[in-house]
Amino acid sequence: MLTPCSAREHWVIIELCDDIRIEAVEIGMFEFFSGIVREFRVSIGGADDDEGDDESKSEWQEVGRFIGRSIRGTQLFTLDHPTSFHRFLRLDFPAHYGNEYYCPISSIKVYGMNQMEAFKWESRKQKESELARRRLEEGIKRAQQTVTIAGTVLPPSSTSLYISSNPTAIYHT
């Protein structure tokens with residue numbers, strides 16, 4: 001994307017190949033003798049179907065505002081909270097470093113999960129927490145079944161226990 005730094009509006013709309021839950025955006029600037037993006041905003045929205053009126057298609061919800069470093073190369077910006085699933089992404093670049101004529105963006109990468117990947121990840125996470133819960137319950141049951149005191153194993157039905165001052169004498173009633 002090659003735009004003069006002095007342009008009033010410096011933005012791009014990206015249509016992703018699939019609806020994804022956006023987690024991070026990576027911007028690369030490699031051009032010498034050009035300005036570097038300083039500030040940018042990430043917005044989601046813009047419908048690709050015919051639902052709603054034309055005004056709803058132009059509404060964008062800002063999900064992140066970032067300040068980049070004045071370096072050539074790539075910079076990764078992670079959103080505070082992953083978005084819901086979206087196909088359209090708008091990046092606005094209101095400020096830049098330097099006083100060069102052009103402010104090019106060499107590459108833009110968007111990271112996240114599509115709906116199937118998110119479903120599988122949630123399912124795997126749920127199975128792992130269920131397994132951990134079952135293991136915890138089994139451990140508690142085992143601990144309740146036997147109590148070991150001074151080398152003597154008592155069944156869980158023990159109703160009373162008397163320990164004398166003599167450490168070798170344990171009475172079970």
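**Notebook: strand E1 and its surroundings**

Started with Phe40: I pulled its contacts, skipping residues up to four places away in sequence, and got Ile27, Gly64, Arg65, Phe66, Phe77, Leu91, Asp92, Phe93 and Pro94. Note to self: this is a predicted model.

**Entry: the core**

Which residues have the most contacts inside the largest nonpolar core? I find Ile22, Ile27, Phe40, Val42, Leu89, Leu91 and Phe93, in a core of 20 residues. E1, E2 and E5 each put in at least two residues of this core. The largest share is E1's, at eight residues. Phe40 also touches Ile27, Leu91 and Phe93, and those three are on the list of residues with the most contacts inside the core.

**Entry: the whole chain**

Stepped back to get my bearings. I count two helices and ten strands for the protein. Along the sequence the order reads β-β-α-β-β-β-β-α-β-β-β-β. There are 173 residues, and 27% of them count as buried. I also looked at contacts with a separation of 6 or more: 74% of them are between residues 24 or more positions apart. The accessible surface is about 12,000 Å², with 51% of that belonging to carbon and sulfur atoms.

**Entry: what E1 pairs with**

E1 kept turning up, so I went through its partners, because two strands count as paired here once DSSP finds at least two bridges between them.

- E6 (residues 107-114) is joined to E1 by eight bridges, and the two run antiparallel. Here Ile22 has Gly112 as its bridge partner.
- E5 (residues 85-97) pairs with E1 over seven bridges, in the antiparallel sense. In this pairing I see His86 opposite Ile20.
- E4 (residues 73-78) is linked to E1 by six bridges, again antiparallel. Gly28 sits opposite Thr74 there.

**Entry: two residues of E1**

Picked Ile22 and Glu26, since I wanted one nonpolar and one acidic side chain from the strand.

Ile22 sits in E1. Buried or exposed? Ile22 has a relative accessible area of 0%, so it is buried. Leaving out residues up to four places away in sequence, I get Leu16, Ile44, Leu79, Pro82, Thr83, Ser84, Leu89, Val110 and Tyr111 as its contacts. One of these, Ile44, is 22 residues from Ile22 along the chain, and I get 9.1 Å between their C-alpha atoms. Another, Leu89, shares with Ile22 a place among the residues with the most contacts inside the core.

Glu26 belongs to E1 as well. I looked up its accessibility: the relative accessible area is 12%, and as the cut-off for buried is under 20%, Glu26 counts as buried. Its contacts, with the same sequence neighbours skipped, are Thr74, Gln75, Leu76, Ser107, Ile108, Lys109 and Tyr111. Tyr111 is on the Ile22 list and on the Glu26 list. Thr74, one of the Glu26 contacts, is the residue opposite Gly28 in the E4 pairing.

**Entry: just past the end of E1**

How large is the phi of Phe33, and what is its sign? I read a value near 55°, positive in a residue that is not glycine. That caught my eye because most residues other than glycine have a negative phi. Phe33 is in the loop between E1 (11-29) and E2 (36-45). At 78% relative accessibility, Phe33 is exposed.

**Entry: cysteines**

How many disulfides are there? The count comes to one. The bond joins Cys5 to Cys103, with S to S at 1.8 Å. I get 105° about the S-S bond, and the link is right-handed. The two ends come from distant parts of the chain: Cys5 is in the segment before E1 and Cys103 in the loop between E5 and E6, 98 residues apart.

I checked the accessibility of both ends. Cys5 is buried at 9% relative accessible area, and Cys103 is buried at 0%. Cys17, by contrast, is exposed, with 78% relative accessibility.

**Entry: wrap-up**

Coming back to E1: I have it joined to E6, E5 and E4, and it supplies eight residues of the largest nonpolar core. The disulfide starts in the segment before E1, and the loop after E1 holds Phe33 with its positive phi.

Note on methods:
Residues are numbered from 1 along each chain as its sequence is written. This is a predicted model: local features need pLDDT of at least 70, side-chain atom pairs count only at pLDDT 80 or more; totals for chains, interfaces and linings use all residues. Side-chain values use heavy atoms; hydrogens and water are left out. Helices (H or I, at least four residues) and strands (E, at least two) are DSSP runs, numbered from the N terminus. Buried means under 20% relative accessible area, exposed over 50%, partly exposed in between (1.4 Å probe, protein chains only). Contact means heavy atoms within 4.5 Å. A nonpolar core is a set of buried Ala, Val, Leu, Ile, Met, Phe, Trp, Tyr and Cys residues joined through side-chain atoms within 4.5 Å. A disulfide is a pair of cysteine sulfur atoms within 2.5 Å. Accessible areas come from the Shrake-Rupley method with a 1.4 Å probe; for residues, only the protein chains shown count as cover.
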